Amino acid sequence: MTQTRDDNATWLTQEAYDRLKTELDHLSGRGRIEIAEKIEAAREEGDLKENGGYHAAKEEQGKMEARILQLTEILRTARVGETPRTEGVVGPGMTVTIMFEGDDEEVTFLLASREESGSPIDVYSPKSPLGSAINGKRVGETVSYELPNGKSLGVEIIGAVPYGV
């Protein structure tokens, strides 16, 4: 059976999915009620033009609504606990080992959503410059990617195994 890549999917462990779902449930339920209460209390203080508490509560509401949209999209596209594709091919959900050009030390990280920040190893996003350069490449390949300063850096792929293996 051949599995295809879905570049819009977000690979998450079950723990990360559960944590994000709990956060979404709180924000879209009790969180919205709490912010509405803060806004109402600030409104009762009078003139809204110079009411710092009101403006702070409205800003907090905007940030919360943005986070709700972000979490909704992450969970909608999530692939939970699936063992990613073929060992030896870099993709989301893989533990990747690389070596930067001119460096003798190997670097190992999980290629996954930044929402996996609870992982015991570093997490690099597949959408980052490094992540997008190595995504789909095989062990033994060398690729280069653009650094924030505009220069390029080569990286050799040493290993790619499903996370947790």
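Contact here means heavy atoms within 4.5 Å. By that criterion, and leaving aside neighbours within four places in sequence, S125 is in contact with L111, A112, R114 and G131. The structure is a predicted model.

S125 is found in a loop. This loop runs between β5 (123–124) and α3 (129–134). The relative accessible area of S125 is 11%. Buried means under 20%, so S125 is buried. The side chain of S125 also reaches the backbone of K127. The atom reached there is the backbone nitrogen, at 3.0 Å.

A second buried site is A133. A133 lies in helix α3, the helix that bounds the S125 loop on one side. The relative accessible area of A133 is 15%. This value also falls under the 20% cut-off, and A133 is therefore classed as buried. Not counting residues up to four places away in sequence, A133 touches V143, S144 and Y145. The C-alpha atom of A133 is separated from that of E146 by 8.8 Å. A133 and E146 are 13 residues apart along the chain.

The helix pair α1 and α2 was examined next. Helix α1 spans residues 14–43, and helix α2 spans residues 52–76. Their axes come within 9 Å. The axes cross at roughly 160°. Angles over 145 degrees count as roughly antiparallel, so α1 and α2 are roughly antiparallel to each other. The crossing of α1 past α2 is left-handed. By class, 14 nonpolar residues take part in the contact of α1 with α2. Nine charged and five polar residues complete that contact.

At the level of the whole protein, the secondary structure comprises three helices and seven strands. Read along the sequence, these elements follow the pattern β-α-α-β-β-β-β-α-β-β. In this order, α1 and α2 follow one another after a strand. Four strands then precede α3, and two strands come after α3. The protein has 165 residues, and 37% of them are buried. S125 and A133 are among the buried residues. Contacts between residues at least 6 apart in sequence were also considered. Of these, 56% join residues at least 24 apart.

How values were computed
Residues numbered from 1 in each chain as written. Predicted model: local features only at pLDDT ≥ 70, side-chain atom pairs only at ≥ 80, totals over all residues. Heavy atoms only, no water. Axes fitted to C-alpha atoms, helices over the stretch in contact; angles between N-to-C directions. Parallel < 35°, antiparallel > 145°, perpendicular 65-115°, else oblique. Left-handed = near helix turned anticlockwise from the far one by under 90°. Nonpolar A, V, L, I, M, F, W, Y, C, P; charged D, E, K, R; others polar. Buried < 20%, exposed > 50% of the residue type's maximum accessible area, 1.4 Å probe, protein only. Polar contact = N/O pair within 3.5 Å; in protein donor to acceptor, adjacent residues only side chain to side chain.
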